[in-house]
Amino acid sequence: MKRRQSRWEFLCVLQRAWSAALALGAVSALFATGAQAQEMPKTLAEAAAMERADRLPITDFYSTPSNLSATKPGDLLRKEAFAGYSLPKGATAVRILYHSLDATGQDVATSAAVLIPAGTPPPAGWPIIAWAHGTSGVGRLCAPSAMKDVYYGDEGLMPMVAAGFAVVATDYHGLGTEGAHQYVNKIAQAHDVVYSIPAARAAVKSLGSKWVADGHSQGGLAAWGVAEAEHDLKDPEYLGAVSVAGVAREADFFSHLSNTPGVGFYLAFMAAGIHARYPEFNPHDLLSDSVLEHYADVTTKGCFYYGFATYAAAPSGTLLRSQWEKSVWIHRFFEGNAVGNAPIGGPLLVIAGAADQTVPIEGVRAAVKQICAAKQPVTFRSYPGLDHDPTMEKSTPDQLAWIRDRFAGKPAMSNCAGGG
């Protein structure tokens, strides 16, 4: 299936180009690299064109119904068959709008795409993967269900459908739907994943009852959040979660982003997410003036590529404001998103790339060590030499094997003693 270049190919080119530039002693060499010129947006106009080529319109389907308060979390609010995605041959899709909750427990409407495999469902219905996507942006226009490739395309997502799983792919509240997106918020995104399941079953009768959660990056944190939530929810149909390259230690993550070329746009997105959760927080307390200059644009006018193009040339080490770590709201955000210090329900597979330039593996290892010490059912796998998005793509066969074992009723074996 022909598709646009995946985000991991895009960032791999970036990493190679930066290495070449540093070797030559000139950052300007980055933009003189032939591969870079072909593969990367060099301007905002080029980034916007890349996103526009994949974008679908945000229609009235995404609007919040007037009777939201008369429904409960997990209720289906609206559905529509949709034929505008690039799917594996014979697969179909249904968009849904459903009742969810934000991080504070407030009622919200969230959208999702339900991707249905080709062929006849098994007697128990299609097994379900509740998919939690990585960073697409923080603006309403950045909903994966409003993208032709559902954002991830062949980077794990469509292989799941081709493997015979129905994929319920939430957008997260505020992407597609009205309201601020609480970016990288473990509780908000876990709610969106959990409540997508009953709504999807109501919309698509061929879905089975059993499900697992699987997420990458922002979604890796969400999947871990689902595992924690299920400790209390105890859904008998929930079989476990896969967390791939999820943010685990955010204080270190912020400093890392500020000092890593090409990924500073994540900090602008993070500031928007903190403000969405804590309106008292002022992005000025986190971001330097050079980042704030373009903050409004990258959080409203574009998505992933637009954010990258905006800050691609920003010098590392200049993106955070001095003493940013003293903000009480940032500390509260960190505390609410911590992983590894709470019990989980069901087995958890944690995956990380040893060469991840976005979410360093050390933080993931520390969280796994913490949850291992609490004797929780976790399996950790690291992948030598893989960066952030290649880890998702290259580990997909292992994720699917682990997921199949859960549906087959096989016990999940912790490898805490061996260290992964």
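**Exercise 1. A well-connected leucine**

Leaving aside neighbours within four places in sequence, find the residues with which Leu-115 is in contact, then place Leu-115 in the largest nonpolar core.

*Solution.* Start with the contact list: Leu-115 touches Tyr-85, Leu-87, Thr-92, Ala-93, Val-150, Leu-157, Met-158, Val-161, Phe-165, Ala-166 and Val-167. Keep in mind, here and below, that you are working with a predicted model. Next, turn to the core, which counts 134 residues; Leu-115, Trp-211 and Leu-286 are the members that touch the most other members. Finally, ask which element gives the most to this core: helix H8 (residues 265–277) does, with 9 residues.

**Exercise 2. The geometry of H5**

Compare the span of helix H5 with its expected span, locate its bend, and decide whether the helix is largely enclosed or open.

*Solution.*
- Step 1: H5 runs over residues 186–203, which makes 18 residues. From first C-alpha to last it reaches 26 Å, close to the 26 Å expected at 1.5 Å a residue.
- Step 2: Look along the axis for a change of direction. The helix bends by about 30 degrees at Ser-196, and Pro-198 follows within four residues.
- Step 3: Now check burial. Of the 18 residues of H5, 13 are buried, so the rest of the structure largely encloses this helix.
- Step 4: Have a look at the start of the helix too, where a side-chain oxygen of Asn-185 comes to within 3.2 Å of the backbone nitrogen of Ile-187.

**Exercise 3. A glutamine inside H5**

Determine whether Gln-189 is buried or exposed, and list its contacts beyond four places in sequence.

*Solution.* Gln-189 belongs to helix H5. Its relative accessible area is 2%; since buried means under 20%, Gln-189 counts as buried. Its contacts, sequence neighbours within four places set aside, are Tyr-172, His-181, Gln-182, Tyr-183, Val-184, Gln-218 and Ala-222. Val-184 from this list returns in the next exercise.

**Exercise 4. Two positive phi angles**

For Val-184 and Lys-234, give the phi value, then find the loop that holds each residue and say whether each is buried or exposed.

*Solution.* Take Val-184 first. Its phi is positive, about 50 degrees, although the residue is not a glycine. The loop in question lies between strand E5 (166–170) and H5. With 2% relative accessibility, Val-184 is buried.

Then Lys-234, likewise not a glycine, has a positive phi of about 55 degrees. Its loop joins helix H6 (218–233) to strand E7 (238–244). Here the relative accessible area is 59%, and exposed means over 50%, so Lys-234 is exposed.

**Exercise 5. Three salt bridges**

Of the 9 salt bridges found in the whole structure, work through Glu-51 with Arg-55, Arg-95 with Glu-80, and Arg-321 with Asp-289.

*Solution.*
- Glu-51 and Arg-55: the N to O distance is 3.4 Å. Glu-51 is buried at 8%, whereas Arg-55 is partly exposed at 27%.
- Arg-95 and Glu-80: the side chains meet at 3.0 Å, N to O. Arg-95 sits in strand E2 (residues 92–101) and Glu-80 in strand E1 (residues 76–81), so the bridge ties together parts 15 residues apart in sequence. Arg-95 is buried, at 2%, while Glu-80, at 25%, is partly exposed.
- Arg-321 and Asp-289: the closest N and O atoms are 2.6 Å apart. This pair links distant parts of the chain, 32 residues apart: Arg-321 lies in the loop between helix H11 (304–311) and helix H12 (328–337), and Asp-289 in helix H9 (residues 289–292). Asp-289 is exposed, with 52% relative accessibility.

**Exercise 6. Where two loop regions meet**

Describe the surroundings of Arg-140 and its relation to Gly-176.

*Solution.* First, place Arg-140: the residue is in the loop between strand E4 (126–132) and helix H4 (157–162). Its relative accessible area of 34% makes it partly exposed. Second, gather the contacts, again without neighbours within four places: Ile-58, Tyr-62, Ser-63, Gly-174, Leu-175, Gly-176, Thr-177 and Glu-178. Third, focus on Gly-176. It stands 36 residues from Arg-140 along the chain, yet the two C-alpha atoms are separated by 4.7 Å. A polar atom of the Arg-140 side chain lies 2.6 Å from the backbone oxygen of Gly-176.

Definitions and conventions: Residues are numbered from 1 along each chain as its sequence is written. This is a predicted model: local features need pLDDT of at least 70, side-chain atom pairs count only at pLDDT 80 or more; totals for chains, interfaces and linings use all residues. Side-chain values use heavy atoms; hydrogens and water are left out. The expected span of a helix is 1.5 Å times one less than its number of residues. The bend at a residue is the angle between axes fitted to the seven residues ending there and the seven starting there. Buried means under 20% relative accessible area, exposed over 50%, partly exposed in between (1.4 Å probe, protein chains only). A polar contact is a pair of N or O atoms within 3.5 Å; within protein, one must be able to donate a hydrogen and the other to accept it, and residues adjacent in sequence count only if both atoms are side-chain atoms. A nonpolar core is a set of buried Ala, Val, Leu, Ile, Met, Phe, Trp, Tyr and Cys residues joined through side-chain atoms within 4.5 Å. Contact means heavy atoms within 4.5 Å. A salt bridge is a side-chain nitrogen of Lys or Arg within 4 Å of a carboxyl oxygen of Asp or Glu.
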